[in-house]
Amino acid sequence: MTEYSPTDLAAQLKSGLLSFPVTHFTDDLQFDEEGYRKHLSWLAEYPVAGLFAAGGTGEGFSLSPEETDRVVRAAVDEVAGAVPVLAPATGSTANAIAQAKAAEAAGADGLLLMPPYLTEAGQAGLVEHASRVCEATGLGVIVYSRANAVLRDDAVAELAERNPTLIGFKDGVGNIEQMTRIYARVGDRLTYVGGLPTAETFALPLLQLGVSTYSSALFNFAPQWAIEFYDAVRAQDRDEVYRRLNEFVIPYLDIRDRTAGYAVSIVKAGLAAIGRPAGPVRPPLTDLRDDELAELSDLIARIS
């Protein structure tokens with residue numbers, strides 16, 4: 001099994017597309033480990049630079065700490081070092097530290113640090129929160145800037161200076177000025193990951209701001225198409241990128257935007273559409289209606 005130092009992990013992640021697999025559930029909403037492993041085995045046939053277990057697309061927000069540990073351990077065991085596995089660190093500082101330590105014990109290669117639970121906080125508090133998680137393990141950490149934890153350029157610079165194991169910044173906001181400020185100030189010290197849903201929509205313009213990779217939810221059910229789209233982005237082939245946006249991504253977004261939370265639900269619907277069901281989403285999310293699933297199935301058939 002390959003062990004990635006934080007420096008090695010940073011270099012690896014910026015080299016290709018990132019996989020954020022769904023988490024499989026049974027009809028009674030229990031973790032379906034067998035289905036999850038089969039899904040990872042299928043996705044492993046395609047080249048990606050990293051696998052993020054129990055992330056946002058993986059409904060990590062609905063998992064108990066014990067379930068998160070099971071999902072991470074299953075991913076680490078199933079991919080067996082073929083690609084680095086990153087685990088989530090979520091909630092309060094204490095909970096995020098506990099998850100970070102559990103991920104390290106499970107054999108994960110890095111961490112995606114989610115926003116702290118519920119409360120708003122100033123930049124100094126967010127820096128302290130992220131720093132304490134970075135200090136808790138030797139794993140490389142990517143900090144996710146979104147929701148109640150949007151980091152400005154000065155905070156990102158301080159985090160990078162204080163924490164050698166901070167390797168990445170994931171943008172879930174899409175503020176062009178702030179991304180420009182962050183890259184101008186921090187440069188290639190960090191790996192920059194596009195984290196807006198659906199990330200393909202923003203991939204080409206964000207490439208100019210140092211965002212060399214992104215989290216692809218579409219990779220779950222259209223892996224070859226997602227890889228080809230990423231290749232077109234990296235080649236800065238504008239005609240091909242916009243052809244594919246018009247062909248699939250934009251009409252996909254039209255379905256996704258009908259109901260809050262569909263950014264995750266539509267991915268599981270995509271797997272159902274190709275005959276690889278991953279089970280239902282957990283509340284508070286809701287599954288697509290039958291007519292929406294049929295519409296999505298027709299859309300996927302056009303690119304298959």
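This report describes the strand barrel of a predicted model, together with selected helices and one residue, Gln99.

**The barrel**

Eight strands form a closed barrel in the order β1-β2-β3-β4-β5-β6-β7-β8, and their pairing is parallel. The barrel closes where strand β1 (residues 18–19) pairs with β8 in the parallel sense over two bridges. In that pairing, Leu18 stands opposite Ser215 of β8. The table lists the strand pairs considered here, each with its bridges and one pair of opposing residues.

| Strand pair | Bridges | Residues paired |
|---|---|---|
| β1 and β8 | two bridges | Leu18 and Ser215 |
| β2 and β3 | two bridges | Leu51 and Val85 |
| β3 and β4 | four bridges | Leu86 and Gly110 |
| β6 and β7 | four bridges | Asp171 and Gly194 |
| β7 and β8 | three bridges | Tyr192 and Val211 |

**Strand β3 and its neighbours**

Strand β3 spans residues 85–89 and is mostly covered, with five of its five residues buried. Val85, Ala87 and Ala89 point to one side of β3, while Leu86 and Pro88 point to the other. Such a pattern has a general background: side chains in a regular strand alternate between the two faces of the sheet.

On one flank, β3 pairs in the parallel sense with strand β2 (residues 50–52), where Leu51 stands opposite Val85. The chain passes from β2 to β3 by way of helix α3 (residues 65–79), in a right-handed β-α-β crossover. Strand β3 also pairs in the parallel sense with strand β4 (residues 110–113), and here Leu86 stands opposite Gly110. The route from β3 to β4 leads through α4, and this β-α-β crossover is again right-handed.

**Helix α4 and Gln99**

Helix α4, which covers residues 93–106, contains Gln99. Is Gln99 buried or exposed? Its relative accessible area is 11%; because this falls under the 20% cut-off, Gln99 counts as buried. Beyond its neighbours within four places in sequence, Gln99 is in contact with Pro65, Thr68, Pro88, Ala89 and Thr90. Two of these partners, Pro88 and Ala89, are residues of β3 that point in opposite ways from that strand. The C-alpha atoms of Gln99 and Arg234 are separated by 34 Å, the two residues being 135 residues apart along the chain.

Helix α4 also meets helix α5 (residues 123–136): their axes come within 9 Å and cross at roughly 25 degrees. The two helices are therefore roughly parallel. Their crossing is right-handed. On the α4 side, the contact involves Thr93, Ala96, Ile97, Ala100 and Lys101, which meet His129, Arg132, Val133 and Ala136 of α5.

**Strand β7 and helix α7**

Strand β7 comprises residues 191–194, and all of them are buried. Thr191 and Val193 point one way from β7, whereas Tyr192 and Gly194 point the other way. Strand β6 (residues 166–171) pairs with β7 in the parallel sense over four bridges, and Asp171 stands opposite Gly194. Between these strands the chain runs through helix α7 (residues 176–186), and this β-α-β crossover is right-handed.

Strand β7 pairs as well with strand β8 (residues 211–216), in the parallel sense and over three bridges. There, Val211 in β8 is the bridge partner of Tyr192. Helix α7 lies across β6, β7 and β8, and runs at about 165 degrees to β7.

How values were computed:
Residues numbered from 1 in each chain as written. Predicted model: local features only at pLDDT ≥ 70, side-chain atom pairs only at ≥ 80, totals over all residues. Heavy atoms only, no water. Buried < 20%, exposed > 50% of the residue type's maximum accessible area, 1.4 Å probe, protein only. Contact = heavy atoms within 4.5 Å. Pairing = 2+ DSSP bridges. Right-handed = clockwise from strand over helix to strand, strands pointing away. Axes fitted to C-alpha atoms, helices over the stretch in contact; angles between N-to-C directions. Parallel < 35°, antiparallel > 145°, perpendicular 65-115°, else oblique. Left-handed = near helix turned anticlockwise from the far one by under 90°.
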